[in-house]
Amino acid sequence: MPPGVEAHSFEPKPTDIAKISEADIFIYTSEVMEPWVNNVLENISHKRLIIIKSTAVVNSETTEDDPHVWLDLTKAQKIVDSITGSLLDFDAPNAVLYLNNSKSYKEKLIALDDSYKRELLNCKNKEIILAGHSAFAYLAKRYNLDYLAAQGFSPDQEISSKQMIDLVKEIKEKKISSLYYEELIDPKMAQSLSRETGVKILELNAAHNIAKDDLKNGKTFLNIMSENLNNLKIGLECQL
Ligand SMILES: [Zn+2]
């Protein structure tokens with residue numbers, strides 16, 4: 001997927017499909033996240049292509065319609081194992097390299113998960129309100145936070161005025177001080193809610209994809225998730 005593209009609405013071009021047909025390993029999240037996958041795989045000849053649905057390993061722990069499993073850092077570790085497995089199948093002579101990298105990456109995910117647990121324990125507010133599509137339900141559940149998103153599991157749906165009124169009501173009732181907006185999308189909904197309620201707005205990046213500049217600057221998933229933790233601590237008014 002090219003950097004900066006909104007992931008839910010991404011459709012592969014013929015050149016992308018040609019690349020998939022020449023690849024050794026094809027890794028995707030799920031048919032909900034990439035609804036084009038089955039159609040593409042049916043239409044290319046891929047006898048030797050290793051196909052990995054990376055979220056199959058966490059299937060039993062998830063909601064069918066919510067594809068954002070990578071935002072639960074314990075599920076992310078299982079996804080790392082699944083991807084590592086495919087690399088071992090493909091390139092067994094370098095198994096030690098893959099296993100070492102996998103181990104060290106999972107240690108970083110574990111450390112970050114520990115920081116989330118510790119730093120989100122004592123917060124004045126417990127509810128994440130997102131002026132965007134529902135990407136953070138698994139994250140909220142992992143850290144015992146409440147969660148309300150303006151939209152469903154995909155950003156392509158229009159917000160009704162009733163949904164906007166409900167959000168404003170929730171913000172006022174719960175005395176919410178910060179509202180979150182999502183990455184790679186114009187934050188106009190958050191801005192208009194902020195104007196109406198006086199709350200400040202902060203980004204929560206669901207790491208579906210990486211922005212062009214972030215890619216250039218070497219930003220990683222771990223960096224994005226650390227920034228999210230900082231913004232959650234500010235918005236939920238957490239104290240260590
Ligand atoms: Zn999403």
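What follows is a chat between a trainee and a mentor about this predicted model.

Trainee: Before we dig in, which ground rules apply here?

Mentor: Residues are numbered from 1 along each chain as its sequence is written, and side-chain values use heavy atoms, with hydrogens and water left out. As the model is predicted, totals for chains, interfaces and linings use all residues, side-chain atom pairs count only at pLDDT 80 or more, and local features need pLDDT of at least 70.

Trainee: How many helices and strands does the protein chain have?

Mentor: Go by DSSP runs, numbered from the N terminus: helices are H or I with at least four residues, strands are E with at least two. On that basis, the count is nine helices and six strands.

Trainee: What is the radius of gyration of the protein chain?

Mentor: Take it over C-alpha atoms, and set it against the globule rule, 2.2 Å times the number of residues to the power 0.38. For 240 residues that rule gives 18 Å, and the chain comes close to it, so it is as compact as a globular protein of that length; its radius of gyration is 19 Å.

Trainee: Are the rings of Tyr116 and Tyr143 stacked or edge-to-face?

Mentor: Rings of Phe, Tyr and Trp (its six-membered ring) pair if their centres lie within 6.5 Å; planes under 30 degrees apart count as stacked, over 60 as edge-to-face and the rest as tilted. Here the centres are 5.0 Å apart and the planes sit at 25°, so the pair is stacked.

Trainee: Where in the chain does each partner sit, Tyr116 and Tyr143?

Mentor: This pair links distant parts of the chain, with the two positions 27 residues apart. Tyr116 belongs to helix α4 (residues 95-119), and Tyr143 to the loop between α5 (137-142) and β4 (146-149).

Trainee: Is Tyr143 buried or exposed?

Mentor: Buried means under 20% relative accessible area, exposed over 50%, partly exposed in between (1.4 Å probe, protein chains only). Contacts (heavy atoms within 4.5 Å) of Tyr143, leaving aside neighbours within four places in sequence, are Leu73, Asp113, Tyr116, Lys117 and Leu120. With a relative accessible area of 5%, Tyr143 is buried.

Trainee: And what does Ser134 touch?

Mentor: Ser134 lies in the loop between β3 (127-130) and α5, and is buried at 9% relative accessible area. Not counting residues up to four places away in sequence, its partners are Asp66, His68, Tyr147, Ala149, Gln151, Gly152 and Phe153.
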